[in-house]
Amino acid sequence: MSERIGDRAVVLGGSIAGLLAARALARHYTEVVVVDRDRLTGVRGPRRGVPHGRHAHGLVARGHQILESLFPGLTEELVEAGIRPGDFSGDIRWYFNGRLLRPARTGLVSVPATRPVLEYHLRLRVQALTGITFLEEHDVLGLVTSSDRRRVTGVRVRPTAEDAEQRELAADLVVDTTGRGSRTPAWLDEFGYRRPEEEQVKIDLAYTTRHYRLSSDPFGSDLAIIPAATPSHPRGAFFYRTPGEGHQVELSLTGVLGDHPPTDPEEFDRFTRSLPVPDIHEAVRNAEALDTPVMHRFPASRRRHYERLDRFPERLLVMGDAVCSFNPVYAQGMTVAALQSLVLERHLRAGHAPEPLPFLRDISREIDSPWDFSAGADLGYAGVKAPRPARVRLANAYVTRVQKAAVHDPALTNALMRVAGLIEPPQSLMRPATVLRVLRHAARRPPRTAPGREVPAREKSA
C-alpha cells in the first residue's frame, strides 16, 4: 500500500488531465475530490465544458501506451465498445502536401475513439478507485489560502443551481486542470505573486464536423483517411468510421488563418470538394447526413511558463491545458497530459506533497518537445505573425523534404509517425541514416495518382 501523505486532495476539472491526476493522487491521499461544473457520472456524449469534444480527436501512440499501462485492459474495453484499433500508419491513409505517404507498419497502436467515448471509459476506471468522488455541477469560485498567502488550504465552490450557497472545501493539495480558461494566473496576481509569462502562436484554426451514413465503404481495411493540413495545402480533414450500425462516419474539416470550414451544408460540401483527396468528397456527396455541421474555433496555441517563476504558493499544482494547450490538429494534448501525470506520480512517491516549482519545471520538460514540434510547424504558415528563428525555418524546410521523401519510402513514414506519436523527439529525423534516405529521394518526382485514389500496397518499413 502506498504511503499516505495527506487527507484530501482536490482536483479542479474533470478533464482527461484531471482524471489522470486523480488516479495518481488516490494512492497517496485518503480522499480525492474532482470538482467540475458539468455532470460527469454516466455521461457518454459531449460535455459543455469540452466544446471540442464534438470534433475529431486523436490519442497518439505514446498516449495509448501510457493509458494502457495505467489502466490495463482499457484497449480491450474500447474494442468491446465498438472501437477498432489499428496501426498508426499502416492502417491510416496519411496525406501530406496533397500526396499519400508510403504506408509503413510501425507497430504503434492507433485507437480512433471519439473524445466522449474515451472520457467515459476513463471516468469509469477512475470512479472505481477507492477514495475518489466527483463533485459535479459545481463552480469553482476561488482558492482559500493561509493568512500569509504562502499556502493554499482549500477551494471555494458553489453548486451551479440557482441561489445555491457557496462553501469551502478544505484540501491538503489542490491541482488545477481546468484547461485554457484556468484562473491560476489571476489567482497568483490576487495573492501578490507574479503571473507566468505566456507564449502564443495565433493560428486562427477552426474545426467543422458532420456525421454521415454511407452507402458504401471507402476505407477498405483502413481506419481513416487523413489529409493533414500543411502550408502548401492548408485545408485538412479527419475522416473515419464511428461505432454504430452501417457505414457511419465522422468528417472533421479544418482550416487556418480565417479560412474556416463553413457550417452551411452546401458550403461545407464545397469545402470538402476542395480537399486534395477526392476520396472524401466522393464518399459523402450522396451520403445520408445525420446532423448539421458544427464548428469549434481555436484561436491560438498557448503556453504558460510557470517554470520560470521564482515564487509559487505551496500545495497548488497546475497541469494539462491549464499550462499548455496545443493546436489540436497535432493530437498532442491528451498525451502530454498523460506524460504530466507520470511526473506527478514520481513526485508523490517522494512521500510528501509535491513542491510546486520543481514539479512545474519537470512537466515543462515534457512539454518542450511537443511544443517545439507543433508551434514550429505552425510557423511554417506565412500568415502566422510571430518571429521565426533560423533554426525554425531550417527545421520546417527539412521536415517538408522528409514528408515529400516519405511518399516513396516507408521507413521515412515510420520516422515521421514516431515523431508525431511522441515516441521519438523531432531531432530523431536528423539521424544520419534518415538524412541519407531523404537525400536519396530528394530528386524523385511524386508518384502519379488518378482521380479518386491509388493506394500503395501495405509495406513493412525498410
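This section describes helix packing, buried residues and backbone features in a predicted model.

Helix α1, which spans residues 16-26, packs against two other helices. Its axis and that of helix α4 (residues 115-127) come within 10 Å of each other and cross at roughly 20°. Because this angle is under 35 degrees, α1 is classed as roughly parallel to α4. The crossing of these two helices is left-handed. On the α1 side the contact involves Ile16, Leu19 and Ala22; on the α4 side, Arg115, Leu118, Glu119, Leu122, Arg123 and Val126 take part.

The second partner of α1 is helix α8, formed by residues 333-348. Here the axes come within 9 Å, again with a crossing angle of roughly 20°. That angle makes α1 roughly parallel to α8, but the crossing of α1 and α8 is right-handed. Ile16, Ala17, Leu20, Ala21, Arg23, Ala24 and Leu25 of α1 make this contact, and they meet Met334, Ala337, Ala338, Ser341, Leu344, Glu345 and Leu348 of α8. Ile16 thus appears in the contact with α4 and also in the contact with α8.

Helix α6 comprises residues 265-273, and its buried residues are Phe268, Phe271 and Thr272. These residues lie on the same side of α6, because they cover an arc of only 100° around the axis. In general, an α-helix has 3.6 residues a turn, so residues three or four places apart point the same way. The elements that cover the buried residues of α6 include strand β12 (197-214), strand β15 (247-255) and helix α7 (278-284). At the start of α6, a side-chain oxygen of Asp264 comes to within 3.1 Å of the backbone nitrogen of Glu266.

One contact between α6 and β12 can be described through Tyr212, a residue of strand β12. Tyr212 has a relative accessible area of 4% and is therefore buried. Beyond its sequence neighbours up to four places away, Tyr212 touches Phe268, which is one of the buried residues of α6. The other residues touched by Tyr212 are His247, Gln248, Val249, Leu251, Val284, Ala287, Glu288, Ala289 and Leu290. Tyr212 and Arg241 are 29 residues apart along the chain, and their C-alpha atoms are separated by 9.6 Å.

Two buried serines were also examined. Ser301 is located in strand β17, which covers residues 294-305. With a relative accessibility of 1%, Ser301 counts as buried. A polar atom of the Ser301 side chain lies 3.0 Å from the backbone nitrogen of Asn327. Apart from residues up to four places away in sequence, Ser301 touches Glu199, Gln200, Val201, Ser325, Phe326, Asn327, Trp371 and Asp378. Ser374 belongs to helix α9 (residues 356-378) and is buried, with a relative accessible area of 1%. Its side chain makes a polar contact of 3.3 Å with the side chain of Gln332. When neighbours within four places in sequence are left aside, Ser374 is in contact with Phe326, Tyr330 and Gln332. Phe326 is accordingly a contact of Ser301 as well as of Ser374.

Tyr330, a contact of Ser374, is touched by Val60 too. Val60 lies in the loop between strand β2 (29-35) and helix α2 (61-70). Although placed in a loop, Val60 counts as buried at 3% relative accessibility. Besides Tyr330, and not counting residues up to four places away in sequence, Val60 touches Phe88, Ala331, Thr335, Ala420, Gly421 and Leu422. Thr335 falls within the range of α8, residues 333-348. Val60 and Pro299 are 239 residues apart in sequence, and the distance between their C-alpha atoms is 23 Å.

Backbone geometry was considered at two loop positions. Most residues other than glycine have a negative phi. Asp163, however, has a positive phi of about 65° although it is not a glycine. Asp163 lies in the loop between strands β9 (152-159) and β10 (167-170), where it counts as exposed at 73% relative accessibility. Arg315 likewise has a positive phi, near 65°. Arg315 is found in the loop between β17 and β18 (316-318) and is partly exposed, with a relative accessible area of 24%.

How values were computed: Residues are numbered from 1 along each chain as its sequence is written. This is a predicted model: local features need pLDDT of at least 70, side-chain atom pairs count only at pLDDT 80 or more; totals for chains, interfaces and linings use all residues. Side-chain values use heavy atoms; hydrogens and water are left out. Buried means under 20% relative accessible area, exposed over 50%, partly exposed in between (1.4 Å probe, protein chains only). Helices (H or I, at least four residues) and strands (E, at least two) are DSSP runs, numbered from the N terminus. The arc is that of the directions from the helix axis to the C-beta atoms. Contact means heavy atoms within 4.5 Å. A polar contact is a pair of N or O atoms within 3.5 Å; within protein, one must be able to donate a hydrogen and the other to accept it, and residues adjacent in sequence count only if both atoms are side-chain atoms. Axes are lines fitted to C-alpha atoms, for helices over the stretch in contact, and angles run from 0 to 180 degrees between N-to-C directions. Angles under 35 degrees count as roughly parallel, over 145 as roughly antiparallel, 65 to 115 as roughly perpendicular and the rest as oblique. A crossing is left-handed if the near helix is turned anticlockwise from the far one by less than a right angle, and right-handed if clockwise.
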